[in-house]
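Grab a pencil and work through these exercises. Try each task yourself before you read its solution.

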Amino acid sequence: MARTTRTNIIQRHAIVAAGSGALVWLFWMSRPEWTADMRLWRAVGDAAFMLLIVTLALGPMARLRRGFAPTLSWRRYTGIWFALVALVHGLLILNGWARWSLDRFLGYEFVPQMGRLVRLEPGFGLANIMGVVALVLALILAATSTDRAVQMLGGTSWKWLHNSAHTVFYLSAIHSAYFLFIHYTASFHRAPAPENWFR
């Protein structure tokens with residue numbers, strides 16, 4: 001019995017991992033006019049957001065239509081893969097755009113003409129901080145998305161902790177909305193990015 005359960009878990013993770021990869025690929029292929037780095041971190045970020053939406057939609061869908069009830073058992077896997085894909089998105093941003101600089105991550109850049117750091121991206125730092133908080137919460141939820149964690153924490157505590165998935169959604173939605181609708185229109189020191197159909 002335990003072997004079948006373990007095999008089932010591995011199969012489900014493999015299916016959701018493949019679906020996550022397919023989402024990244026679809027987002028990547030849909031915006032060929034973008035630079036490769038922006039195209040990659042946006043594709044990964046957009047795929048993560050779609051996984052979050054699917055994860056949170058499974059519960060209400062199962063309540064509204066009985067036919068969706070079997071999909072509830074997939075919520076754990078889509079949630080874990082949302083956190084993993086979001087982690088990759090964050091690492092790509094830190095390594096590629098921010099270059100591991102806290103100043104750049106918060107929207108500050110050194111301007112030689114002024115001889116100091118200047119905040120050039122209004123709202124950029126706050127949007128990134130929201131993304132980091134959402135990611136940390138998501139990783140905690142992913143780490144506790146096991147039967148063992150439910151037993152250790154107890155059902156009530158585990159449910160209380162996992163209700164923060166809604167907080168992850170709101171923070172992620174605000175983070176995404178900033179980069180979809182505000183960032184490149186408010187950016188005065190660089191050319192606007194190509195149109196993003198995901199808006």
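A salt bridge is a side-chain nitrogen of Lys or Arg within 4 Å of a carboxyl oxygen of Asp or Glu. Keep in mind that this is a predicted model.

**Exercise 1.** Work out whether the side chains of aspartate 46 and arginine 31 meet in a salt bridge, and say where the two residues sit.

*Solution.* Start with the distance: N to O comes to 2.6 Å for aspartate 46 and arginine 31. The cut-off is 4 Å, so this pair counts as a salt bridge. Next, place the partners: aspartate 46 belongs to helix α2, while arginine 31 is in the loop between α1 and α2. They are 15 residues apart. Finally, check the surroundings: both aspartate 46 and arginine 31 are buried.

**Exercise 2.** Find the salt-bridge partner of arginine 76, then decide how exposed arginine 76 is.

*Solution.* The partner is aspartate 147, at 3.1 Å from N to O. This bridge ties helix α3 to helix α6 across 71 residues. Now for exposure: arginine 76 has a relative accessible area of 27%, so it's partly exposed, since that class runs between 20% and 50%.

**Exercise 3.** Describe the surroundings of serine 145.

*Solution.* First, locate serine 145: it's in the loop between α5 and α6. Its relative accessible area is 10%, which is under 20%, so serine 145 is buried. Then follow its side chain, which reaches the backbone oxygen of leucine 141 at 2.6 Å. Last, leaving aside neighbours within four places in sequence, list the contacts of serine 145: Arg76, Ile80 and His162.

Note on methods:
Residues numbered from 1 in each chain as written. Predicted model: local features only at pLDDT ≥ 70, side-chain atom pairs only at ≥ 80, totals over all residues. Heavy atoms only, no water. Helix = DSSP H or I, 4+ residues; strand = E, 2+ residues; numbered from the N terminus. Buried < 20%, exposed > 50% of the residue type's maximum accessible area, 1.4 Å probe, protein only. Polar contact = N/O pair within 3.5 Å; in protein donor to acceptor, adjacent residues only side chain to side chain. Contact = heavy atoms within 4.5 Å.
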